[in-house]
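The following exercises concern a single protein chain. Each task is followed by a solution that proceeds step by step.

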Amino acid sequence: MLGSCTDLHIFDAGSVNGTRYCNEILLPYVRLFRGAKGLQFLFMDDNAPCHRTVATEQLLESEDIERMDWPARSPDLNPIEHVWDFLGRRLAARALPLVTIRELRFQQLIDTLILSMGRRCETDLAVRGDHIPY
């Protein structure tokens, strides 16, 4: 979320299905951000299977959480992919193991990526969904 983030959520074990996604992500995090932002809140996820289950759809509807329309094949538009890449490179470069999850925070990068979404969407529309240089 622009200007804010939660601690990194780690799924301890097993697959993430719709029920688990609802219970561990949507209810404790997304619902609270929605409550804080009000009608300005627009939720962005992608087309991961757990994001598109009936349970997920019903929960988002019951909580009045508006979801951003998401094309089926748009990895170029998802800023989280850049966050994971940055995180992977940063972890690979560390000589010492991490001490706390807080060390994984990099809000400035996340804010920059979120702020680039308008430009990314405009570019994607201009090339009619073809590859964009991000």
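**Exercise 1.** Determine why the sulfur of C50 forms no bond with another cysteine sulfur in this predicted model.

*Solution.*
Step 1. Locate the closest cysteine sulfur to that of C50: it belongs to C22, at 8.9 Å.
Step 2. Apply the cut-off, since a disulfide requires two cysteine sulfur atoms within 2.5 Å. The separation of 8.9 Å is therefore too far for a bond between C50 and C22.
Step 3. Extend the search to the whole structure, which yields zero disulfides. C22 accordingly takes part in none, and its nearest cysteine sulfur is that of C50.

**Exercise 2.** Are C22 and C50 buried or exposed?

*Solution.*
Step 1. Buried means a relative accessible area under 20%.
Step 2. C22 has a relative accessible area of 6%, so C22 is buried.
Step 3. C50 has a value of 11%, so C50 is buried.
Step 4. For context, 29% of the 134 residues of the protein count as buried.

**Exercise 3.** Describe the geometry of helix α1 (residues 18-37) and compare its span with that of a straight helix.

*Solution.*
Step 1. At 1.5 Å a residue, a straight helix of 20 residues would span 28 Å.
Step 2. The end C-alpha atoms of α1 are only 24 Å apart.
Step 3. Examine the axis: α1 bends by about 55 degrees at L26, and the proline P28 follows within four residues.
Step 4. Inspect the ends. At the N-terminal end, N17 acts as a cap, with a side-chain oxygen 3.2 Å from the backbone nitrogen of T19. After α1 comes G38, with a positive phi near 70 degrees.

**Exercise 4.** Which residues of α1 are buried, and which helix is included in what covers them?

*Solution.*
Step 1. The buried residues of α1 are G18, R20, Y21, C22, I25, L26, V30 and R34.
Step 2. Their cover includes α2.
Step 3. A general point assists in reading such a list: an α-helix has 3.6 residues a turn, so residues three or four places apart point the same way.

**Exercise 5.** Where does D64 lie, and what is its phi?

*Solution.*
Step 1. D64 is placed in the loop between α2 (54-62) and α3 (79-93).
Step 2. Its phi is near 55 degrees, a positive value in a residue other than glycine.

**Exercise 6.** Summarise the secondary structure and contacts of the protein.

*Solution.*
Step 1. The protein has five helices and zero strands, in the order α-α-α-α-α from the N terminus.
Step 2. Of the contacts between residues at least 6 apart in sequence, 60% join residues at least 24 apart.
Step 3. The exposed area is about 9000 Å², of which carbon and sulfur atoms supply 57%.

Definitions and conventions. Residues numbered from 1 in each chain as written. Predicted model: local features only at pLDDT ≥ 70, side-chain atom pairs only at ≥ 80, totals over all residues. Heavy atoms only, no water. Buried < 20%, exposed > 50% of the residue type's maximum accessible area, 1.4 Å probe, protein only. Helix = DSSP H or I, 4+ residues; strand = E, 2+ residues; numbered from the N terminus. Contact = heavy atoms within 4.5 Å. Areas by Shrake-Rupley, 256 points an atom, 1.4 Å probe, with all protein chains shown as cover. Expected span 1.5 Å × (residues − 1). Bend = angle between axes of the 7 residues up to and from the residue. Polar contact = N/O pair within 3.5 Å; in protein donor to acceptor, adjacent residues only side chain to side chain.
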